[in-house]
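Here's a quick briefing to read alongside the model. Have the structure open and follow along topic by topic.

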Amino acid sequence: MAASWLLKRWCSTAATETTKGTRWQRLINSRAGAWCRSLLSDYKEACREAVLGARERPLKASVYLGLLGGMYACYYANPDDTSFETSLLETSNRLALLSPWIRSGTSDGHVQTLVKLRNEGRLRYASLGIASLTYYTDYDPESSLYEARCSAISVPWSELPKRVLDVGFVGRWWVLDHKMKDFDINEEEFKHLPPALVATFPPSPQITERNEKLHQESWKAVVMEDESSELDGIQDMDTPVKETESNALYKAQAS
C-alpha cells in the first residue's frame, strides 16, 4: 500500500511539472512572448550601437552625457510651489522690517501684488520638468461662480505668457530675486536731486569698509599717558647723547 501511494504521488508530481513546463513554453511561443523577445533584442542592439558610437566619437558622446547630466541637475534642483511661497514670505518679512520711507517702491509693489494674489487663491504653479512657472488666474479654484466653472469662457492657454509672474530655475525664482535687488533703497528720494549728484557713483566696498573702521575707532576712549613716564623716556634718550659728547671731548683733550 505504501509503495503504490508513493508511485501515484511521484506520477502526479511529474505530470504537474510537465504541465508547468508546457505552459511556460506556450507563453514563450505566444505573441506576447515574441513581442517581448523582439523588444529586448532591439534594446540590446541600441545599447551595443551606443557603446560603439561612444568609442568612435568620444567628444560627441561627452557632449551628450554633459547635456543629460545638466538636464538631470536642473530637474533635481527644480523649485516647487512650496519654495515659492517660502521665498515670498521671507521677502515680505524682510520688507516689513524696513520703514515705508526707505523701501524700494518696485520691490514693495511686486511683493504686495504676489501676497494679495496668494491670499485670494489665484496663484498657480506649473512644473515643466527642468523649470517651473508661477502665474495667476482670475478666480479661486474652489469658487462656485459660473465664470470660474464654465470651460467655454475660461482663459485660453495662449494668454499664459501674459500671466506669468515668475520663473523658477536651478533652485531660484529669478523675477522675485531681481525685484528684491536694492530693496532697502527708495528711488523716489533721489528724483529731485541735481543731475551732478544723480550721476555720482557709490563708493567702492573698500572705501566703505575703511570709513566704517574709522567710525568705530572714533568711538574708542582716548588713552592718556603719564607725564612722568614721558620725562623718563626723554631723559633716557638724552643720556647716550651726553656720554657720546663727553667721550668726544676727552679724546680731543688727549690728542
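A word on terms before the pocket comes up: helices here are DSSP runs of H or I with at least four residues, numbered from the N terminus. With that in hand, H6 turns out to give the most to the lining of the largest pocket, at 3 residues. Keep in mind that this is a predicted model.

**The sheet**

- There's an open sheet of 4 strands, ordered S1-S2-S3-S4, and the pairing is antiparallel.
- Strand S1 (123–127) and strand S4 (172–173) sit at the edges with a single partner strand each, so one side of each has no neighbour in the sheet.
- In the antiparallel pair of S2 (residues 132–136) and S3 (residues 164–169), the two strands are joined by 4 bridges.
- If you want a spot to look at there, try Thr 134, whose bridge partner in S3 is Asp 166.

**Aromatic pairs**

- You'll find 3 aromatic pairs in the structure.
- One of them is Tyr 72 with Tyr 76, a stacked pair at 6.4 Å centre to centre and 25° between the planes.
- Both of these tyrosines belong to helix H3 (residues 58–76), where they're 4 residues apart, or about one turn of the helix.
- Tyr 72 counts as exposed because its relative accessibility is 55%, and Tyr 76 counts as exposed too, at 68%.
- Phe 84 and Trp 173 make an edge-to-face pair, with 4.9 Å between centres and 70° between planes.
- That pair ties together distant parts of the chain: Phe 84 is in helix H4 (residues 81–96) and Trp 173 is in strand S4, 89 residues apart.
- Unlike the exposed Tyr 72, Phe 84 and Trp 173 are both buried.
- Add Tyr 125 to Phe 84 and Trp 173 and you have one aromatic cluster.

**A charge over a ring**

- Arg 172 lies over the face of Trp 174, 4.1 Å from the ring centre.

**The largest pocket**

- The volume of the largest pocket comes to about 470 Å³.
- Its lining takes in 21 residues, and the closest to the pocket centre are Thr 137, Asp 138, Ala 148, Ser 154 and Val 155.
- S2, helix H6 (146–149) and helix H7 (160–163) each put at least two residues into that lining.
- Which classes of residue make up the lining of the largest pocket? The split is 11 nonpolar, 3 polar and 7 charged.

Technical notes
Residues are numbered from 1 along each chain as its sequence is written. This is a predicted model: local features need pLDDT of at least 70, side-chain atom pairs count only at pLDDT 80 or more; totals for chains, interfaces and linings use all residues. Side-chain values use heavy atoms; hydrogens and water are left out. Two strands pair if DSSP finds at least two bridges between them. Rings of Phe, Tyr and Trp (its six-membered ring) pair if their centres lie within 6.5 Å; planes under 30 degrees apart count as stacked, over 60 as edge-to-face and the rest as tilted. Buried means under 20% relative accessible area, exposed over 50%, partly exposed in between (1.4 Å probe, protein chains only). A charge sits over a ring if NZ of Lys or CZ of Arg is within 6 Å of the ring centre and within 35 degrees of the ring normal. On a 1 Å grid over the protein atoms alone, a cavity is a set of points where a 1.4 Å probe fits but cannot get out, and a pocket is an open set with protein on both sides within 12 Å along at least five of seven lines; lining residues have an atom within 4 Å of a point. Grid points are joined across faces, edges and corners, and a volume is the space filled by probe spheres set on the points. Ala, Val, Leu, Ile, Met, Phe, Trp, Tyr, Cys and Pro count as nonpolar, Asp, Glu, Lys and Arg as charged, and the others, Gly among them, as polar.
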